[in-house]
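User: Hello! I am new to this structure and would like to see how its labels are earned. Could you take me through a few of them?

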Amino acid sequence: MTALVRCRFAPAPSGSIHIGNARSALFSWLFARHNGGAFVLRVEDTDASRVTEEAYHGVVDALRWFGLDWDEGPDIGGLHGPYRQSQRTAIYRELADRLIANGNAYRCYCTTEELEAIKQAAIERGAPPGGDDGRCLRLTKSERQAFEREGRPFTIRFAMPDREWVVDDLVKGEVRFPTGQLRDFVLVRSDGTPVFLLAVAVDDMLMEITHVIRGDDLLVSAPRNAAVIEALGGTPPRYAHLPQVLGVDGKPLSKRHGSTSVEAFREQGFLPEALMNYLALLGWSKDESTTFLSRDELVAAFDLSRVSSNPAAFDTKKLEWMNNHYIQSLDEDELAARCLHFLTEAGLLPEPTTLRAAMPIVRERMKTLRDSVTLLRFLFTDDVVPDEKARETIAKAPPGYLAKVADALEVLDPWEHNAIMATLDTVGTAEGLNRTKAFEPVRAAVTGSRVSPPLPESLELLGREATVARLRAVSG
(Lines give C-alpha, C1' and ligand atoms only; values in the text may rest on other atoms or scores of the structure.)
Protein backbone atom coordinates (compact mmCIF):
# COMPACT_ATOMS: atom_id res chain seq x y z
CA MET A 1 0.00 0.00 0.00
CA THR A 2 1.17 3.48 -0.81
CA ALA A 3 2.37 5.73 2.02
CA LEU A 4 0.37 8.64 0.60
CA VAL A 5 -2.82 9.44 2.51
CA ARG A 6 -5.76 8.51 0.31
CA CYS A 7 -9.35 9.23 1.39
CA ARG A 8 -12.63 8.77 -0.43
CA PHE A 9 -16.25 9.80 -0.42
CA ALA A 10 -18.62 7.25 -1.88
CA PRO A 11 -22.20 8.52 -2.21
CA ALA A 12 -25.10 6.46 -3.52
CA PRO A 13 -26.84 8.91 -5.89
CA SER A 14 -30.44 8.02 -5.15
CA GLY A 15 -31.35 11.52 -3.98
CA SER A 16 -29.88 14.68 -2.49
CA ILE A 17 -26.78 14.70 -0.30
CA HIS A 18 -27.85 14.69 3.34
CA ILE A 19 -26.10 17.11 5.67
CA GLY A 20 -24.63 14.20 7.63
CA ASN A 21 -23.09 12.74 4.47
CA ALA A 22 -21.83 16.17 3.46
CA ARG A 23 -20.02 16.47 6.80
CA SER A 24 -18.44 13.03 6.28
CA ALA A 25 -17.29 14.11 2.82
CA LEU A 26 -15.92 17.36 4.24
CA PHE A 27 -13.97 15.69 7.06
CA SER A 28 -12.53 13.14 4.62
CA TRP A 29 -11.55 15.92 2.18
CA LEU A 30 -10.03 18.04 4.96
CA PHE A 31 -7.99 15.11 6.27
CA ALA A 32 -6.67 14.34 2.79
CA ARG A 33 -5.82 17.95 2.01
CA HIS A 34 -4.27 18.60 5.44
CA ASN A 35 -1.95 15.63 4.96
CA GLY A 36 -1.07 16.44 1.35
CA GLY A 37 -2.89 13.32 0.20
CA ALA A 38 -5.46 12.41 -2.45
CA PHE A 39 -9.23 12.63 -2.28
CA VAL A 40 -11.24 10.20 -4.38
CA LEU A 41 -14.88 10.47 -5.44
CA ARG A 42 -16.40 7.02 -5.93
CA VAL A 43 -20.05 6.46 -6.81
CA GLU A 44 -21.94 3.52 -5.30
CA ASP A 45 -24.55 3.01 -8.01
CA THR A 46 -24.97 -0.77 -8.17
CA ASP A 47 -28.64 -0.57 -7.09
CA ALA A 48 -30.26 0.33 -10.41
CA SER A 49 -33.71 0.52 -8.79
CA ARG A 50 -32.68 3.50 -6.65
CA VAL A 51 -29.97 5.30 -8.62
CA THR A 52 -30.68 7.76 -11.44
CA GLU A 53 -28.33 9.55 -13.81
CA GLU A 54 -29.95 12.85 -12.83
CA ALA A 55 -29.19 12.19 -9.17
CA TYR A 56 -25.57 11.34 -10.03
CA HIS A 57 -25.05 14.67 -11.79
CA GLY A 58 -26.85 16.40 -8.92
CA VAL A 59 -24.40 14.88 -6.44
CA VAL A 60 -21.38 16.04 -8.44
CA ASP A 61 -22.83 19.54 -8.83
CA ALA A 62 -23.70 19.82 -5.13
CA LEU A 63 -20.23 18.73 -4.02
CA ARG A 64 -18.54 21.22 -6.33
CA TRP A 65 -20.84 24.03 -5.15
CA PHE A 66 -20.04 23.04 -1.56
CA GLY A 67 -16.37 23.66 -2.29
CA LEU A 68 -14.94 20.15 -2.51
CA ASP A 69 -12.67 18.99 -5.30
CA TRP A 70 -11.23 15.55 -5.97
CA ASP A 71 -8.11 14.10 -7.53
CA GLU A 72 -9.79 11.03 -8.99
CA GLY A 73 -13.40 10.38 -9.88
CA PRO A 74 -15.91 9.38 -12.54
CA ASP A 75 -15.85 12.79 -14.19
CA ILE A 76 -12.06 13.21 -14.30
CA GLY A 77 -10.71 9.66 -14.31
CA GLY A 78 -7.60 8.41 -12.56
CA LEU A 79 -5.30 5.42 -12.22
CA HIS A 80 -7.75 3.33 -10.18
CA GLY A 81 -10.89 3.61 -12.29
CA PRO A 82 -13.56 3.10 -13.19
CA TYR A 83 -15.02 5.10 -10.30
CA ARG A 84 -18.65 4.08 -10.67
CA GLN A 85 -19.42 0.71 -9.10
CA SER A 86 -21.90 -0.10 -11.88
CA GLN A 87 -18.88 -0.22 -14.21
CA ARG A 88 -16.84 -2.51 -11.94
CA THR A 89 -19.10 -5.60 -11.94
CA ALA A 90 -16.50 -7.84 -13.64
CA ILE A 91 -13.96 -6.91 -10.94
CA TYR A 92 -16.36 -7.90 -8.15
CA ARG A 93 -17.21 -11.21 -9.83
CA GLU A 94 -13.53 -12.09 -10.27
CA LEU A 95 -12.67 -11.40 -6.65
CA ALA A 96 -15.79 -13.15 -5.35
CA ASP A 97 -14.71 -16.23 -7.29
CA ARG A 98 -11.23 -15.89 -5.80
CA LEU A 99 -12.70 -15.83 -2.29
CA ILE A 100 -14.64 -19.03 -3.06
CA ALA A 101 -11.55 -20.70 -4.48
CA ASN A 102 -9.55 -19.77 -1.38
CA GLY A 103 -12.24 -21.10 0.96
CA ASN A 104 -13.13 -17.65 2.29
CA ALA A 105 -16.59 -17.61 0.71
CA TYR A 106 -19.17 -20.13 -0.40
CA ARG A 107 -22.39 -20.51 -2.33
CA CYS A 108 -25.50 -20.36 -0.15
CA TYR A 109 -28.56 -22.13 -1.53
CA CYS A 110 -30.89 -21.36 1.38
CA THR A 111 -34.36 -20.17 0.42
CA THR A 112 -36.02 -17.14 1.97
CA GLU A 113 -38.16 -19.42 4.12
CA GLU A 114 -35.15 -21.39 5.34
CA LEU A 115 -33.27 -18.23 6.23
CA GLU A 116 -36.25 -16.93 8.19
CA ALA A 117 -36.42 -20.21 10.14
CA ILE A 118 -32.69 -19.95 10.90
CA LYS A 119 -33.18 -16.39 12.10
CA GLN A 120 -36.04 -17.32 14.43
CA ALA A 121 -34.08 -20.22 15.86
CA ALA A 122 -31.15 -17.92 16.59
CA ILE A 123 -33.42 -15.44 18.34
CA GLU A 124 -34.96 -18.17 20.47
CA ARG A 125 -31.59 -19.35 21.72
CA GLY A 126 -30.33 -15.80 22.29
CA ALA A 127 -27.79 -15.82 19.46
CA PRO A 128 -27.25 -12.95 16.99
CA PRO A 129 -29.75 -13.33 14.11
CA GLY A 130 -28.62 -13.39 10.51
CA GLY A 131 -26.59 -15.55 8.18
CA ASP A 132 -27.30 -19.11 7.14
CA ASP A 133 -25.70 -20.67 10.27
CA GLY A 134 -22.93 -22.04 8.05
CA ARG A 135 -24.92 -25.02 6.81
CA CYS A 136 -24.13 -24.28 3.17
CA LEU A 137 -20.44 -24.02 4.00
CA ARG A 138 -20.64 -27.61 5.23
CA LEU A 139 -22.45 -29.02 2.19
CA THR A 140 -20.96 -32.17 0.72
CA LYS A 141 -19.93 -32.22 -2.92
CA SER A 142 -22.94 -34.36 -3.85
CA GLU A 143 -25.36 -32.03 -2.00
CA ARG A 144 -23.90 -29.05 -3.80
CA GLN A 145 -24.15 -30.81 -7.16
CA ALA A 146 -27.79 -31.69 -6.47
CA PHE A 147 -28.64 -28.03 -5.91
CA GLU A 148 -26.78 -27.12 -9.11
CA ARG A 149 -28.72 -29.69 -11.16
CA GLU A 150 -31.93 -28.37 -9.65
CA GLY A 151 -30.96 -24.89 -10.84
CA ARG A 152 -31.48 -23.58 -7.36
CA PRO A 153 -30.60 -19.86 -6.98
CA PHE A 154 -27.70 -19.05 -4.70
CA THR A 155 -26.00 -16.11 -3.07
CA ILE A 156 -22.30 -15.92 -2.28
CA ARG A 157 -21.57 -15.60 1.42
CA PHE A 158 -18.36 -14.66 3.17
CA ALA A 159 -17.17 -17.10 5.81
CA MET A 160 -16.54 -14.69 8.65
CA PRO A 161 -13.66 -15.95 10.84
CA ASP A 162 -15.11 -16.80 14.22
CA ARG A 163 -12.94 -14.70 16.49
CA GLU A 164 -12.94 -11.40 18.31
CA TRP A 165 -12.59 -8.43 15.97
CA VAL A 166 -11.07 -5.16 17.13
CA VAL A 167 -11.42 -1.88 15.25
CA ASP A 168 -8.89 0.74 16.33
CA ASP A 169 -11.11 3.65 15.36
CA LEU A 170 -9.54 7.10 15.05
CA VAL A 171 -12.61 8.74 16.59
CA LYS A 172 -14.31 6.07 18.70
CA GLY A 173 -11.14 4.48 20.03
CA GLU A 174 -10.87 0.71 20.35
CA VAL A 175 -14.15 -1.02 19.45
CA ARG A 176 -14.45 -4.75 20.12
CA PHE A 177 -16.76 -7.26 18.45
CA PRO A 178 -16.82 -10.45 20.56
CA THR A 179 -16.45 -13.92 19.10
CA GLY A 180 -19.74 -15.12 17.63
CA GLN A 181 -21.22 -11.64 17.16
CA LEU A 182 -20.36 -11.30 13.48
CA ARG A 183 -22.01 -13.97 11.34
CA ASP A 184 -21.40 -14.98 7.74
CA PHE A 185 -22.80 -12.39 5.36
CA VAL A 186 -23.83 -12.07 1.72
CA LEU A 187 -21.29 -10.74 -0.78
CA VAL A 188 -23.22 -11.32 -4.01
CA ARG A 189 -26.99 -11.47 -4.41
CA SER A 190 -28.75 -14.26 -6.22
CA ASP A 191 -29.06 -12.04 -9.31
CA GLY A 192 -25.26 -11.73 -9.46
CA THR A 193 -25.01 -8.13 -8.21
CA PRO A 194 -22.52 -7.31 -5.44
CA VAL A 195 -23.67 -6.01 -2.10
CA PHE A 196 -22.17 -3.06 -0.26
CA LEU A 197 -19.89 -5.20 1.91
CA LEU A 198 -18.08 -6.70 -1.09
CA ALA A 199 -17.96 -3.67 -3.37
CA VAL A 200 -16.71 -1.29 -0.67
CA ALA A 201 -14.01 -3.66 0.53
CA VAL A 202 -12.78 -4.41 -2.99
CA ASP A 203 -12.79 -0.76 -4.02
CA ASP A 204 -11.03 0.44 -0.88
CA MET A 205 -8.33 -2.19 -1.43
CA LEU A 206 -7.80 -1.69 -5.16
CA MET A 207 -7.99 2.11 -4.93
CA GLU A 208 -5.41 1.98 -2.10
CA ILE A 209 -7.58 3.92 0.33
CA THR A 210 -5.66 4.49 3.55
CA HIS A 211 -8.34 6.19 5.66
CA VAL A 212 -12.12 5.73 5.62
CA ILE A 213 -13.99 8.58 7.33
CA ARG A 214 -17.73 8.00 7.47
CA GLY A 215 -20.80 7.98 9.73
CA ASP A 216 -20.90 5.68 12.74
CA ASP A 217 -24.00 3.95 11.39
CA LEU A 218 -21.45 1.99 9.34
CA LEU A 219 -19.22 1.09 12.28
CA VAL A 220 -20.46 -2.51 12.33
CA SER A 221 -19.40 -2.81 8.68
CA ALA A 222 -15.76 -2.02 9.50
CA PRO A 223 -14.70 -5.51 10.73
CA ARG A 224 -16.55 -7.11 7.82
CA ASN A 225 -14.88 -4.80 5.32
CA ALA A 226 -11.52 -5.49 6.94
CA ALA A 227 -12.07 -9.26 6.91
CA VAL A 228 -12.81 -9.29 3.18
CA ILE A 229 -9.75 -7.17 2.42
CA GLU A 230 -7.51 -9.41 4.53
CA ALA A 231 -8.92 -12.51 2.82
CA LEU A 232 -7.96 -10.96 -0.53
CA GLY A 233 -4.42 -10.34 0.70
CA GLY A 234 -4.78 -6.61 1.27
CA THR A 235 -4.28 -4.29 4.23
CA PRO A 236 -7.46 -2.67 5.58
CA PRO A 237 -7.58 1.14 5.83
CA ARG A 238 -7.74 3.01 9.12
CA TYR A 239 -11.30 3.83 10.09
CA ALA A 240 -12.75 6.99 11.62
CA HIS A 241 -16.47 6.82 12.33
CA LEU A 242 -18.19 10.13 12.96
CA PRO A 243 -21.09 10.41 15.42
CA GLN A 244 -24.54 11.26 14.19
CA VAL A 245 -25.77 14.75 13.38
CA LEU A 246 -28.84 15.44 15.52
CA GLY A 247 -31.49 18.12 15.50
CA VAL A 248 -31.66 20.66 18.32
CA ASP A 249 -34.24 18.36 19.95
CA GLY A 250 -31.61 15.63 20.29
CA LYS A 251 -33.24 13.36 17.71
CA PRO A 252 -31.59 12.20 14.45
CA LEU A 253 -31.68 14.95 11.85
CA SER A 254 -34.58 14.39 9.47
CA LYS A 255 -37.10 16.28 7.33
CA ARG A 256 -39.10 17.21 10.42
CA HIS A 257 -36.22 19.55 11.28
CA GLY A 258 -36.55 21.34 7.93
CA SER A 259 -33.88 21.29 5.26
CA THR A 260 -31.58 18.28 5.47
CA SER A 261 -29.72 18.37 2.14
CA VAL A 262 -26.95 20.43 0.61
CA GLU A 263 -29.18 21.22 -2.37
CA ALA A 264 -31.93 22.59 -0.12
CA PHE A 265 -29.56 24.96 1.67
CA ARG A 266 -28.19 26.09 -1.67
CA GLU A 267 -31.71 26.83 -2.94
CA GLN A 268 -32.48 28.80 0.21
CA GLY A 269 -29.53 31.07 -0.40
CA PHE A 270 -26.90 29.88 2.03
CA LEU A 271 -23.33 30.56 0.98
CA PRO A 272 -21.17 27.46 0.44
CA GLU A 273 -18.34 28.91 2.52
CA ALA A 274 -20.75 29.45 5.44
CA LEU A 275 -22.14 25.92 5.17
CA MET A 276 -18.63 24.46 4.99
CA ASN A 277 -17.49 26.44 8.02
CA TYR A 278 -20.57 25.46 10.00
CA LEU A 279 -20.43 21.74 9.16
CA ALA A 280 -16.73 21.66 10.03
CA LEU A 281 -17.64 22.78 13.55
CA LEU A 282 -20.19 19.99 14.01
CA GLY A 283 -18.08 17.72 16.15
CA TRP A 284 -14.70 19.36 15.51
CA SER A 285 -13.00 22.57 16.58
CA LYS A 286 -9.69 24.24 15.98
CA ASP A 287 -9.55 25.46 19.57
CA GLU A 288 -11.85 26.73 22.29
CA SER A 289 -12.58 30.12 20.73
CA THR A 290 -12.23 30.19 16.92
CA THR A 291 -15.53 30.20 15.01
CA PHE A 292 -14.88 31.55 11.53
CA LEU A 293 -12.38 29.72 9.35
CA SER A 294 -11.87 29.99 5.62
CA ARG A 295 -11.49 26.93 3.41
CA ASP A 296 -7.69 27.20 3.54
CA GLU A 297 -7.70 27.77 7.30
CA LEU A 298 -9.83 24.64 7.79
CA VAL A 299 -7.37 22.59 5.75
CA ALA A 300 -4.43 23.92 7.74
CA ALA A 301 -6.06 23.27 11.12
CA PHE A 302 -7.96 20.00 10.63
CA ASP A 303 -6.92 17.09 12.82
CA LEU A 304 -8.93 13.95 13.56
CA SER A 305 -7.70 14.02 17.16
CA ARG A 306 -10.02 16.99 17.78
CA VAL A 307 -13.13 15.26 16.43
CA SER A 308 -15.59 14.57 19.22
CA SER A 309 -17.04 11.10 19.72
CA ASN A 310 -20.34 12.64 20.84
CA PRO A 311 -23.26 13.46 18.51
CA ALA A 312 -23.40 17.02 17.18
CA ALA A 313 -26.55 19.17 17.06
CA PHE A 314 -27.45 20.96 13.84
CA ASP A 315 -28.90 24.41 14.61
CA THR A 316 -30.32 26.26 11.61
CA LYS A 317 -30.45 29.53 13.57
CA LYS A 318 -26.70 29.38 14.18
CA LEU A 319 -26.12 28.59 10.52
CA GLU A 320 -28.21 31.65 9.56
CA TRP A 321 -26.14 33.81 11.91
CA MET A 322 -22.93 32.47 10.40
CA ASN A 323 -24.33 32.94 6.88
CA ASN A 324 -25.06 36.60 7.62
CA HIS A 325 -21.46 37.03 8.74
CA TYR A 326 -20.24 35.72 5.38
CA ILE A 327 -22.78 37.84 3.48
CA GLN A 328 -21.48 40.94 5.22
CA SER A 329 -17.90 39.99 4.35
CA LEU A 330 -18.60 40.15 0.59
CA ASP A 331 -18.01 43.35 -1.34
CA GLU A 332 -20.90 45.00 -3.20
CA ASP A 333 -20.06 43.51 -6.59
CA GLU A 334 -19.73 39.95 -5.30
CA LEU A 335 -22.86 40.12 -3.15
CA ALA A 336 -24.89 41.60 -6.02
CA ALA A 337 -23.70 38.84 -8.33
CA ARG A 338 -24.76 36.17 -5.86
CA CYS A 339 -28.17 37.76 -5.28
CA LEU A 340 -28.83 38.07 -9.01
CA HIS A 341 -29.74 34.39 -9.41
CA PHE A 342 -32.47 34.56 -6.76
CA LEU A 343 -33.90 37.83 -8.09
CA THR A 344 -34.11 36.60 -11.67
CA GLU A 345 -35.53 33.28 -10.47
CA ALA A 346 -38.33 35.33 -8.86
CA GLY A 347 -39.08 36.95 -12.23
CA LEU A 348 -37.28 40.22 -11.51
CA LEU A 349 -34.86 41.95 -13.88
CA PRO A 350 -32.49 43.99 -11.70
CA GLU A 351 -30.71 46.97 -13.19
CA PRO A 352 -27.02 46.25 -12.35
CA THR A 353 -26.06 49.69 -11.04
CA THR A 354 -29.12 49.90 -8.80
CA LEU A 355 -28.63 46.36 -7.54
CA ARG A 356 -25.05 47.05 -6.57
CA ALA A 357 -26.03 50.31 -4.88
CA ALA A 358 -28.66 48.45 -2.83
CA MET A 359 -26.20 46.04 -1.27
CA PRO A 360 -25.01 48.28 1.60
CA ILE A 361 -28.57 48.80 2.82
CA VAL A 362 -29.63 45.13 2.76
CA ARG A 363 -26.53 43.12 3.70
CA GLU A 364 -27.09 43.37 7.47
CA ARG A 365 -30.74 42.29 7.08
CA MET A 366 -30.09 39.21 4.96
CA LYS A 367 -29.93 35.83 6.66
CA THR A 368 -29.75 34.19 3.24
CA LEU A 369 -29.33 35.39 -0.34
CA ARG A 370 -32.99 34.59 -1.01
CA ASP A 371 -33.93 37.38 1.42
CA SER A 372 -32.84 39.78 -1.33
CA VAL A 373 -36.07 38.99 -3.17
CA THR A 374 -38.27 40.13 -0.29
CA LEU A 375 -36.13 43.15 0.51
CA LEU A 376 -35.58 44.42 -3.04
CA ARG A 377 -38.63 43.36 -5.04
CA PHE A 378 -40.05 46.90 -4.89
CA LEU A 379 -37.00 48.25 -6.75
CA PHE A 380 -37.26 46.00 -9.78
CA THR A 381 -40.94 45.77 -10.59
CA ASP A 382 -43.77 48.18 -11.24
CA ASP A 383 -46.25 45.65 -9.93
CA VAL A 384 -46.20 46.74 -6.29
CA VAL A 385 -49.47 46.08 -4.50
CA PRO A 386 -49.56 46.66 -0.72
CA ASP A 387 -50.12 43.43 1.22
CA GLU A 388 -52.74 43.16 3.95
CA LYS A 389 -50.60 44.55 6.76
CA ALA A 390 -49.36 47.35 4.52
CA ARG A 391 -52.95 48.28 3.64
CA GLU A 392 -53.82 48.43 7.34
CA THR A 393 -50.89 50.77 7.95
CA ILE A 394 -51.88 53.02 5.04
CA ALA A 395 -55.47 53.19 6.30
CA LYS A 396 -54.30 54.42 9.71
CA ALA A 397 -52.36 57.37 8.26
CA PRO A 398 -53.83 60.86 8.84
CA PRO A 399 -56.20 61.94 6.03
CA GLY A 400 -54.25 63.41 3.12
CA TYR A 401 -50.89 62.58 4.70
CA LEU A 402 -49.47 60.53 1.82
CA ALA A 403 -50.58 63.16 -0.71
CA LYS A 404 -48.70 65.80 1.29
CA VAL A 405 -45.59 63.59 1.32
CA ALA A 406 -45.90 63.13 -2.45
CA ASP A 407 -46.21 66.91 -2.97
CA ALA A 408 -43.11 67.59 -0.85
CA LEU A 409 -40.98 64.90 -2.49
CA GLU A 410 -42.02 65.86 -6.00
CA VAL A 411 -40.19 69.18 -5.72
CA LEU A 412 -37.30 67.97 -3.59
CA ASP A 413 -33.84 68.85 -4.85
CA PRO A 414 -31.39 67.18 -4.58
CA TRP A 415 -32.87 63.67 -4.63
CA GLU A 416 -30.65 61.97 -2.07
CA HIS A 417 -31.38 60.12 1.13
CA ASN A 418 -30.41 62.83 3.64
CA ALA A 419 -32.67 65.36 1.94
CA ILE A 420 -35.43 62.74 1.66
CA MET A 421 -35.18 61.97 5.38
CA ALA A 422 -35.36 65.67 6.27
CA THR A 423 -38.43 66.12 4.06
CA LEU A 424 -40.23 63.13 5.59
CA ASP A 425 -39.40 64.45 9.07
CA THR A 426 -40.78 67.88 8.21
CA VAL A 427 -44.08 66.58 6.83
CA GLY A 428 -44.44 64.07 9.65
CA THR A 429 -43.80 66.66 12.36
CA ALA A 430 -46.41 68.96 10.83
CA GLU A 431 -48.91 66.10 11.17
CA GLY A 432 -47.91 65.42 14.77
CA LEU A 433 -46.16 62.13 13.94
CA ASN A 434 -42.90 60.81 15.29
CA ARG A 435 -40.43 59.39 12.79
CA THR A 436 -41.68 55.82 13.10
CA LYS A 437 -45.32 56.78 12.55
CA ALA A 438 -44.32 59.13 9.74
CA PHE A 439 -42.26 56.53 7.88
CA GLU A 440 -44.53 53.49 8.24
CA PRO A 441 -47.31 54.47 5.80
CA VAL A 442 -44.79 55.79 3.26
CA ARG A 443 -42.87 52.50 3.40
CA ALA A 444 -46.11 50.52 3.05
CA ALA A 445 -47.24 52.55 0.05
CA VAL A 446 -43.93 52.55 -1.82
CA THR A 447 -42.64 49.01 -1.11
CA GLY A 448 -45.95 47.23 -0.56
CA SER A 449 -44.73 45.93 2.79
CA ARG A 450 -44.08 47.09 6.34
CA VAL A 451 -40.59 45.57 6.07
CA SER A 452 -37.95 47.10 3.83
CA PRO A 453 -34.37 48.41 3.86
CA PRO A 454 -33.89 51.88 5.40
CA LEU A 455 -36.61 54.07 3.89
CA PRO A 456 -34.74 57.20 2.75
CA GLU A 457 -32.04 55.12 1.03
CA SER A 458 -34.74 52.93 -0.54
CA LEU A 459 -36.54 55.95 -1.98
CA GLU A 460 -33.28 57.36 -3.31
CA LEU A 461 -32.66 54.13 -5.22
CA LEU A 462 -36.25 53.85 -6.41
CA GLY A 463 -36.21 57.37 -7.84
CA ARG A 464 -38.46 60.40 -7.60
CA GLU A 465 -40.92 59.46 -10.34
CA ALA A 466 -41.75 55.96 -9.09
CA THR A 467 -41.87 57.10 -5.45
CA VAL A 468 -44.32 59.91 -6.07
CA ALA A 469 -46.45 57.75 -8.37
CA ARG A 470 -46.86 55.02 -5.76
CA LEU A 471 -47.72 57.50 -3.04
CA ARG A 472 -50.39 59.11 -5.19
CA ALA A 473 -51.76 55.71 -6.22
CA VAL A 474 -52.78 54.92 -2.62
CA SER A 475 -53.58 58.45 -1.39
CA GLY A 476 -56.87 58.70 -3.27
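Analyst: Gladly. The model is predicted, and a good place to begin is strand β1 (residues 6-9), where Arg 6 and Arg 8 point one way, Cys 7 and Phe 9 point the other way, and all are buried.

User: How do you know that β1 and β2 pair?

Analyst: Pairing takes at least two bridges between two strands. Four bridges join β1 to strand β2 (residues 38-41), so the two count as paired, and they run parallel. Phe 9, for example, stands opposite Leu 41 in β2. Between these strands the chain passes through helix α1 (residues 19-34), giving a right-handed β-α-β crossover.

User: What makes Arg 306 partly exposed?

Analyst: Its relative accessibility is 34%. Buried would be under 20% and exposed over 50%, so Arg 306 falls in between and counts as partly exposed. Arg 306 lies in the loop between α10 (295-301) and β11 (312-313).

User: Which residues does Arg 306 touch, leaving out those up to four places away in sequence?

Analyst: They are Gly 283, Trp 284, Ser 285, Lys 286, Asp 287 and Glu 288. Asp 287 is 19 residues from Arg 306 along the chain, and their C-alpha atoms are separated by 8.7 Å.

User: Which strands are joined to β4, and in what sense?

Analyst: Strand β3 (residues 105-108) is joined to β4 by four bridges and runs antiparallel to it; Tyr 106 has Arg 157 as its bridge partner there. β4 also pairs with strand β7 (residues 185-188) over three bridges, in the antiparallel sense, with Phe 158 partnering Phe 185.

User: Why are both faces of β4 called covered?

Analyst: Thr 155 and Arg 157 on one side, and Ile 156 and Phe 158 on the other, are all buried. Each is therefore under the 20% cut-off for relative accessible area.

Technical notes. Residues are numbered from 1 along each chain as its sequence is written. This is a predicted model: local features need pLDDT of at least 70, side-chain atom pairs count only at pLDDT 80 or more; totals for chains, interfaces and linings use all residues. Side-chain values use heavy atoms; hydrogens and water are left out. Buried means under 20% relative accessible area, exposed over 50%, partly exposed in between (1.4 Å probe, protein chains only). A crossover is right-handed if, with the strands pointing away from the viewer, the path from the first strand over the helix to the second runs clockwise. Contact means heavy atoms within 4.5 Å.
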